[in-house]
Amino acid sequence: MAPGDFLETWPPGQEEDTNWYVEKGPGKENIPIAWINQESIRYTTLPSSSWRWLIVKAFAKFLSTIGILVFTFICITMLITVENDWRSLLKEFYIPVMFYGGGTSVLVWGIISLIERLFPAWIYKDPKGPLWEFNRRTGLITVFRNPKKKRDAGQIAWQSPFSEFDGYVHSGPTHQGLPLYYGAMVHRFREEALTLTAFQAASANDEDHKALWNFWLQYMDSTAPLPDIPLFEPHRDKDPVTAEHDKTDRRNPKYWRDMDEATYKQKTDDMYKRCLKVFG
């Protein structure tokens with residue numbers, strides 16, 4: 001079992017090469033820096049400079065759409081309830097805020113979107129190094145040093161067997177006081193911990209995070225087949241235990257990839273309901 005989000009994030013039809021390559025060396029060769037396959041899952045992300053661009057773009061987009069609508073609604077409400085002179089409100093308040101605030105937001109959103117389209121390398125820079133790895137073959141969890149400094153990229157911070165960790169679901173309040181859940185794994189004997197928000201973002205329900213821990217239990221159990229989701233379908237025949245399981249069950253090697261869109265949506269809904277039933 002896996003979170004229903006997994007079926008939406010990694011639908012069938014994806015490329016079989018699930019590596020993330022970066023160009024390194026004198027010849028600018030494509031070297032894999034992160035991957036998802038039958039042996040291990042190694043994770044990395046964009047550098048902080050790339051995220052700054054994307055966060056500014058997302059904030060400007062929000063102000064340019066939802067922000068403008070909310071502001072317009074507030075102004076209309078003020079006219080109705082306070083009975084202000086609409087000409088004065090329009091001239092001295094609405095138009096200046098829309099011009100300087102909304103106009104600036106639209107301009108920033110448009111400029112970054114244009115750069116993203118014409119010069120994507122300016123925004124989407126190569127990661128400097130991996131962050132962590134779950135190795136199904138060795139049973140080890142590896143956390144790497146922060147790759148912000150070049151000398152630390154790829155250097156191991158700590159490494160421990162997966163069997164020595166317990167999964168937890170933590171909660172904290174949002175600005176509105178509502179609970180927000182996220183998953184983490186904590187070592188039983190040492191001060192080693194890893195948040196699992198890279199694969200399942202913090203959310204208002206805890207079922208998906210419990211399902212995520214169940215997914216890791218399945219994936220790291222080398223005596224059992226890989227979790228049966230589209231993400232692993234191109235790799236199932238490369239894992240001996242999974243290949244034998246599929247042969248015995250006469251599983252269609254393209255079970256997910258041959259599935260029509262309506263059936264796949266139904267499978268996704270079923271996965272959400274199953275997680276709610278088991279972990280709710």
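Visitor: How many residues does α5 have, and what reach from first C-alpha to last is expected at 1.5 Å a residue?
Guide: This is a predicted model. In it, helix α5 has 14 residues. From the first C-alpha to the last, α5 reaches 20 Å, close to the expected value of 20 Å.

Visitor: Is α5 mostly covered or mostly uncovered, and how many of its residues are buried?
Guide: A residue counts as buried when its relative accessible area is under 20%. Among the residues of α5 that pass are E207, D208, H209 and W213. The helix is mostly covered, and the number of its 14 residues that are buried is 10.

Visitor: Which element gives the largest share of the largest nonpolar core?
Guide: This core has 34 residues, and I41, F134, M185, F199, F215, W216 and F232 touch the most other members. The elements that give two or more residues to the core are α1 (4-9), β4 (132-135), β5 (140-144), α5 (207-220) and α7 (261-279). The largest share is seven residues, and the element that gives them is α5.

Visitor: Which residues of α5 are in contact with F134, leaving aside neighbours within four places in sequence?
Guide: The contacts of F134 include I41, L140, F162, M185 and L194. Helix α5 covers residues 207-220. From that stretch, the contacts of F134 are W216, Y219 and M220.

Visitor: How many residues does the second, separate core have?
Guide: This core is separate from the one described above, and its members include L46, L54, I112 and I115. Its residue count is five.

Visitor: In the open sheet of three strands, which strands stand at the edges?
Guide: The order of the strands is β7-β8-β9, and the pairing is antiparallel. An edge strand has a single partner strand, so one side of it is left without a neighbour in the sheet. The strands in that position are β7 and β9.

Visitor: By how many degrees are neighbouring strands of this sheet turned against each other on average?
Guide: Direction is ignored for this value. The average is 30 degrees.

Visitor: How many bridges join β7 to β8, and how many join β8 to β9?
Guide: Strand β7 (residues 165-173) pairs with strand β8 (residues 179-187) in the antiparallel sense over nine bridges, and H170 has Y182 as its bridge partner in β8. Strands β8 and β9 also run antiparallel, and M185 has L194 as its bridge partner in β9. The counts are nine for β7 with β8 and three for β8 with β9.

Visitor: Which strands of the sheet does α5 touch, and what angle does its direction make with that of β7?
Guide: Helix α5 packs on the sheet and touches β7 and β8. Angles between directions run from 0 to 180 degrees. The direction of α5 makes with that of β7 an angle of about 165 degrees.

Visitor: Which residue in the turn between β7 and β8 has a positive phi?
Guide: The two strands form a hairpin with five residues between them. One residue in the turn has a phi of about 85 degrees, namely G177.

Visitor: Is the aromatic pair of F119 and W122 stacked or tilted?
Guide: A pair of aromatic rings is described by the distance of the centres and the angle of the planes. For F119 and W122 the centres are 4.7 Å apart and the planes make 15 degrees. Planes under 30 degrees apart count as stacked, so the pair of F119 and W122 is stacked.

Visitor: How many residues apart in sequence are the parts that F162 and W213 tie together?
Guide: Their rings form a tilted pair, 5.4 Å centre to centre with 35 degrees between the planes. Both F162 and W213 are buried. F162 lies in the loop between β6 (156-161) and β7, whereas W213 lies in helix α5, so the pair ties together parts whose separation in sequence is 51 residues.

Visitor: Is V143 buried or exposed?
Guide: V143 lies in strand β5, and its contacts include L131, W132, I156 and L194, leaving aside neighbours within four places in sequence. Its relative accessible area is 12%. The cut-off for this class is under 20%, so V143 counts as buried.

Conventions: Residues numbered from 1 in each chain as written. Predicted model: local features only at pLDDT ≥ 70, side-chain atom pairs only at ≥ 80, totals over all residues. Heavy atoms only, no water. Core = buried A, V, L, I, M, F, W, Y, C linked by side-chain atoms within 4.5 Å. Buried < 20%, exposed > 50% of the residue type's maximum accessible area, 1.4 Å probe, protein only. Helix = DSSP H or I, 4+ residues; strand = E, 2+ residues; numbered from the N terminus. Contact = heavy atoms within 4.5 Å. Pairing = 2+ DSSP bridges. Phe/Tyr/Trp six-rings, centres within 6.5 Å; stacked < 30°, edge-to-face > 60°. Expected span 1.5 Å × (residues − 1).
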